[in-house]
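Here is a quick walk through the side chains of one protein chain, written for someone who likes to see the geometry spelled out. Have the viewer open as you read.

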Amino acid sequence: MTEQNIAYFLNGSAFMYFLCTGYFMLKYSARLRIHLIVGIIFCYLAAWNFKDIIYAFQAFHTYEMLNLIVFLDGWSAVSYAVLLFELVSPGWVTLKRMAVLLLPFLCFTALYTVFPSDTLQQIYWGFLILFGLTIIFIAYFKVKKYQQYIYNNFQNIKHMDLSWLKTIFLIAFMSQLLWVLDSFYPSGITDGAYYFSLIIQWHFVAHYCWNHRSITMPGKLELQKEKEMVAKEEETAGFPFAGKLEQLIGEQELYLKPDLTLQDLVQLVGSNRTYLSDYFNKELNTTFYNYINQRRIKEGCIPLFVHHPELTIETIAYQSGFNSISTFRRAFQKETGMTPKEYRKKLDET
């Protein structure tokens with residue numbers, strides 16, 4: 001009984017967490033569109049959790065009601081789809097599209113309410129698996145494309161990067177395992193663990209989305225036109241700015257600019273974004289993001305380490321153009337094979 005009471009408490013806590021956080025996000029939604037979307041998702045999840053509070057009453061503990069709860073539980077899959085699509089394609093989510101995503105779940109639930117059967121429940125399980133795999137498949141390639149785009153076009157990607165989704169996917173996977181286990185073998189322990197995992201999972205989402213800066217990638221037609229232009233230019237002139245670009249970056253110390261973008265270099269050499277991105281990828285075998293970080297390490301960080309041992313590691317990072325200590329540490333270790341502390345210790349020993 002104690003375990004079940006804890007589960008009820010965590011269920012109520014999850015409801016209040018989603019409701020309060022959703023309200024907070026919606027209140028400040030004027031800042032960014034992603035806040036509005038996440039706020040709507042959280043309010044949706046609050047309503048979704050409320051059904052389990054009703055289930056706490058013994059009168060609802062019937063076989064049919066338990067199965068109906070499982071059908072309603074499946075509706076949470078829509079929240080994952082909406083979040084992922086909005087992150088990788090800002091502006092994609094509309095009320096109409098959310099309604100379309102919800103429609104099959106509504107139909108399945110309505111059918112079971114009118115014609116309850118184990119066969120329909122099995123079909124629903126199959127649909128949930130197919131829906132989940134489809135979302136994961138689409139999200140994987142869209143996130144990969146998005147990540148490639150920001151690495152090719154921006155330096156300050158701290159609030160654009162979606163690598164945090166790996167953590168969300170891991171927690172979500174564990175959460176869904178708990179849900180499946182609780183659906184077949186219900187208990188207070190699995191119930192409570194599931195609600196707790198939901199709070200942790202979506203707290204990470206709220207944290208990262210609050211700071212997220214949405215980037216809209218060029219459309220297919222725009223990309224196609226740019227690629228055609230690049231193909232023609234490469235055939236006739238190759239890369240006329242080869243060498244000159246690197247020289248200008250060094251002379252003007254552009255690598256020290258924290259918010260440097262590929263568009264800044266486009267204007268500098270009079271080219272276009274796709275053409276310049278191709279130059280980094282094909283000729284220099286790197287990305288704009290990695291190339292600038294390499295210059296920062298070689299021409300900014302290392303000279304400061306050697307000639308100014310009195311400076312802190314954080315000061316060196318910021319003076320070299322990095323706006324994130326974690327990004328600086330990763331870039332430094334990738335370039336030198338050592339952490340900044342190890343490199344400083346080696347200098348002190350020599």
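What follows goes through the core, the aromatic rings, the charged pairs, a surface patch and two backbone oddities.

## What kind of model this is

Keep in mind that this is a predicted model. Everything below is computed from its coordinates, with local features needing pLDDT of at least 70.

## The nonpolar core

Let's start inside. In general, soluble globular proteins tend to have their nonpolar side chains buried together. Here, the largest nonpolar core has 65 residues, and Phe18, Phe105 and Trp202 are the ones with the most contacts inside it.

Which elements give two or more residues to this core? They are helix H1 (2-27), H2, helix H3 (63-73), H4, H5, H6, helix H7 (165-184) and helix H8 (188-211). H6 gives the most, with twelve residues.

## Rings meeting rings

Aromatic pairs come to 39 in this structure. Take the one between phenylalanine 108 and phenylalanine 127: the ring centres sit 5.2 Å apart and the planes make an angle of 35°, so the pair counts as tilted, stacked being kept for planes under 30 degrees apart. Phenylalanine 108 belongs to helix H5 (residues 95-114) and phenylalanine 127 to helix H6 (residues 118-153), so this contact ties together parts that are 19 residues apart in sequence.

Buried or exposed, how does phenylalanine 108 count? Phenylalanine 108 has 15% relative accessibility and counts as buried. Phenylalanine 127, at 19%, is also buried, because the cut-off for that label is under 20%. Both rings are part of one aromatic cluster, which is formed by Phe71, Phe105, Phe108, Tyr112, Tyr124, Phe127 and Phe131. Phe105 turns up here again, having already been named among the residues with the most contacts inside the largest core.

## Charges over rings

Two rings have a charged side chain over the face. Lysine 51 lies over tryptophan 48, 4.2 Å from the ring centre. Arginine 296 lies over the face of phenylalanine 322, with 5.4 Å to the ring centre.

## Salt bridges

On to the charged pairs: side chains of opposite charge can pair when their charged atoms come close. The count for this model is seven salt bridges, and three of them are worth a look here.

Glutamate 86 and arginine 33 meet with 2.7 Å from N to O. Glutamate 86 is in helix H4 (residues 77-88) and arginine 33 in helix H2 (residues 33-55), so the bridge ties together parts that are 53 residues apart in sequence. The two ends have their own surroundings: glutamate 86 is buried, at a relative accessible area of 1%, while arginine 33 is partly exposed at 36%.

Glutamate 299 and arginine 295 make a bridge at 2.3 Å, N to O. Both residues lie in helix H13 (residues 288-307), four residues apart, which is about one turn of the helix. Glutamate 299 is partly exposed at 35% relative accessibility, whereas arginine 295 is buried at 11%.

Then there is glutamate 314 with arginine 329, where the closest N and O atoms are 4.0 Å apart. This one links distant parts of the chain, with glutamate 314 in helix H14 (residues 313-319) and arginine 329 in helix H15 (residues 325-336), 15 residues apart. Glutamate 314 is partly exposed at 35%, and arginine 329 is partly exposed at 39%.

## A nonpolar patch on the surface

Which residues make the nonpolar surface patch of about 390 Å²? Ile129, Leu133, Ile136 and Phe169 do. H6 supplies the largest share, three residues. Isoleucine 129 is found in that helix, H6, and it counts as exposed at 53% relative accessibility. So H6 plays on both sides, because it also gives the most to the largest nonpolar core.

## Two positive phi values

Last stop, the backbone. Glutamate 253 is not a glycine, yet its phi is positive, about 50°. Glutamate 253 is in the loop between helix H10 (244-251) and helix H11 (262-269), and is partly exposed at 41% relative accessibility.

Asparagine 285 also has a positive phi, near 55°, in a residue other than glycine. Where is asparagine 285? Its place is in the loop between helix H12 (273-283) and H13. Asparagine 285 is exposed, with a relative accessible area of 66%.

Methods
Residues are numbered from 1 along each chain as its sequence is written. This is a predicted model: local features need pLDDT of at least 70, side-chain atom pairs count only at pLDDT 80 or more; totals for chains, interfaces and linings use all residues. Side-chain values use heavy atoms; hydrogens and water are left out. Rings of Phe, Tyr and Trp (its six-membered ring) pair if their centres lie within 6.5 Å; planes under 30 degrees apart count as stacked, over 60 as edge-to-face and the rest as tilted. Buried means under 20% relative accessible area, exposed over 50%, partly exposed in between (1.4 Å probe, protein chains only). A charge sits over a ring if NZ of Lys or CZ of Arg is within 6 Å of the ring centre and within 35 degrees of the ring normal. Patches are made of residues with over 30% relative accessible area and no salt bridge: like charges are joined within 9 Å, nonpolar side chains (Val, Leu, Ile, Met, Phe, Trp, Tyr) within 5 Å. Accessible areas come from the Shrake-Rupley method with a 1.4 Å probe; for residues, only the protein chains shown count as cover. A salt bridge is a side-chain nitrogen of Lys or Arg within 4 Å of a carboxyl oxygen of Asp or Glu. A nonpolar core is a set of buried Ala, Val, Leu, Ile, Met, Phe, Trp, Tyr and Cys residues joined through side-chain atoms within 4.5 Å.
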